[in-house]
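Dear colleague,

Please find the structure below, followed by a short account of what was found in it.

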Amino acid sequence: QVQLVESGGGLVQPGGSLRLSCAASGTIIRINDMDWYRQAPGNQRELVASINRDGKTMYADVVKGRFTIARDNAKNTVYLQMTSLNFEDTAVYYCYAFVFAPGSARGYWGQGTQVTVSS
């Protein structure tokens, strides 16, 4: 059974920084893309950043230059470094990973971690 567990959310003031982590556990052969999504109240879940196994990244326009996604393939972990946070970044942040495990190839979601930007 593959699980994704996020950590690192919390309350931060505008202009502050947070680092999110998401670790995949279980019997894993390989992980392809690892992504961060977020969902604010009343909004649809949106893609924030993505990184493939080779380290190629993409970002939503609203976070370019402020957020950095990275991964450690040996630890099956993806990170999201967030800087210059503003009120609009308040949301539940979810990680997603496409995982190859014995007998399966499918996407998994983490449980979500709350990020609140407030003064």
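**Nonpolar core, Asp89 and disulfide**

In this predicted model, the largest nonpolar core has 33 residues, of which Trp36, Leu80, Met82 and Tyr93 touch the most other members. Such a core is a set of buried Ala, Val, Leu, Ile, Met, Phe, Trp, Tyr and Cys residues joined through side-chain atoms within 4.5 Å; buried means under 20% relative accessible area, with a 1.4 Å probe and protein chains only. At least two core residues come from each of β3 (18-25), β4 (30-39), β5 (46-51), β7 (67-72), β8 (77-82), β9 (91-101) and β11 (113-117); strands are DSSP runs (E, at least two residues), numbered from the N terminus. The largest share, 6 residues, is supplied by β9.

Asp89 is in the loop between β8 and β9 and, at 1% relative accessibility, counts as buried. Its side chain makes a polar contact (a pair of N or O atoms within 3.5 Å, one able to donate a hydrogen and the other to accept it; residues adjacent in sequence count only if both atoms are side-chain atoms) with the side chain of Arg38, at 2.9 Å. A polar atom of the Asp89 side chain also lies 2.9 Å from the backbone nitrogen of Asn86.

The structure holds 1 disulfide, a pair of cysteine sulfur atoms within 2.5 Å, joining Cys22 to Cys95 (S to S 1.9 Å). Because Cys22 lies in β3 and Cys95 in β9, the pair ties together parts 73 residues apart in sequence. Both Cys22 and Cys95 are buried.

Residues are numbered from 1 along each chain as its sequence is written, and side-chain values use heavy atoms, leaving out hydrogens and water. Local features need pLDDT of at least 70 and side-chain atom pairs count only at pLDDT 80 or more, whereas totals for chains, interfaces and linings use all residues.

With kind regards

Key:
Buried means under 20% relative accessible area, exposed over 50%, partly exposed in between (1.4 Å probe, protein chains only). Helices (H or I, at least four residues) and strands (E, at least two) are DSSP runs, numbered from the N terminus.
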